[in-house]
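The following exercises concern the fold of a single protein chain. Each task is followed by a solution that proceeds step by step.

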Amino acid sequence: MRSALIALLLVSSVACKRNEAKGQTGGSGTASTVRTEDTEREQARFDSERHPEKVVEALGIKPGSRVADVGAGSGLLTVHLARAVKPGGKVVATDIDEGVLELMQARLQAAGLADYVERKVVAADMPGLGENHEYDAIL
């Protein structure tokens, strides 16, 4: 038990030193700054691993397109879709979790793209796209 506690303290200490070396300290940043940095890091990782620009290109999404993003989550792809459809287009982003859609809203606002996305909380068995709506792409 004592060995596990010492190992945990050692790992914590190394992690703190690594963050300090990068100019990050535990107490000096505000929660908002940390969240923004985390969001930016999460977006950059998603972009480098998933290449969303290729998805947009392959589906022919362009200004004026109407796109549905079913199960949009926190909006890592949605932000690219919104950028592609502006001006004049719309992304309908659905998810079963209102909390992740709130994260999406913050991401879209930070990117200046919130006006191009309609967020909808839906039931797991209903995508919420409406019966009489046409979409250029559904993801």
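Threonine 78 lies in helix α4. The model is predicted, so that local features need pLDDT of at least 70 and side-chain atom pairs count only at pLDDT 80 or more, while totals for chains, interfaces and linings use all residues. Residues are numbered from 1 along each chain as its sequence is written, and side-chain values use heavy atoms, with hydrogens and water left out.

**Exercise 1. Determine whether threonine 78 is buried or exposed, and list its contacts.**

Step 1. Buried means under 20% relative accessible area and exposed over 50%, with partly exposed in between (1.4 Å probe, protein chains only). Threonine 78 counts as buried because its relative accessibility is 0%.

Step 2. Contact means heavy atoms within 4.5 Å. Leaving aside neighbours within four places in sequence, threonine 78 is in contact with Asp69, Ala72, Val91, Ala93, Met104 and Val117.

Step 3. Turn to the helix as a whole. Of the eight residues of α4, seven are buried; among them, besides Thr78, are His80, Leu81 and Val85.

**Exercise 2. Establish the order of elements along the protein chain and the order of strands in the sheet.**

Step 1. Helices (H or I, at least four residues) and strands (E, at least two) are DSSP runs, numbered from the N terminus. The protein chain has five helices and four strands, in the pattern α-α-α-β-α-β-α-β-β.

Step 2. Two strands pair if DSSP finds at least two bridges between them. The four strands form an open sheet in the order β3-β2-β1-β4, with parallel pairing. Its edge strands, β3 (117–121) and β4 (137–138), each pair on one side only.

Step 3. Examine the pairings of β1 (residues 66–70). Five bridges join β1 to β2 in parallel, and alanine 68 stands opposite valine 92 in β2. From β1 the chain passes through α4 to β2, a β-α-β crossover that is right-handed (with the strands pointing away from the viewer, the path from the first strand over the helix to the second runs clockwise).

Step 4. β1 also pairs with β4 in the parallel sense, over two bridges. In β4, alanine 137 stands opposite valine 67, and isoleucine 138 is the bridge partner of alanine 68.

**Exercise 3. State which strands helices α4 and α5 lie across, and at what angles they run.**

Step 1. Axes are lines fitted to C-alpha atoms, for helices over the stretch in contact, and angles run from 0 to 180 degrees between N-to-C directions.

Step 2. Helix α4 (residues 78–85) lies across β1, β2 (90–95) and β3, at about 160° to β2.

Step 3. Helix α5 (residues 98–111) lies across β2 and β3, at about 165° to β3.

**Exercise 4. Describe the largest nonpolar core and identify the element that gives the most to it.**

Step 1. A nonpolar core is a set of buried Ala, Val, Leu, Ile, Met, Phe, Trp, Tyr and Cys residues joined through side-chain atoms within 4.5 Å. The largest has 21 residues, and those with the most contacts inside it are Ile61, Val67, Leu81, Val91, Met104, Leu108 and Val117.

Step 2. Two or more residues come from each of α4, β2 and α5. Helix α4 gives the most, with five residues.

Step 3. Consider isoleucine 61. Leaving aside neighbours within four places in sequence, isoleucine 61 is in contact with Val56, Val67, Leu81, Ala84, Val85, Ala137 and Leu139.
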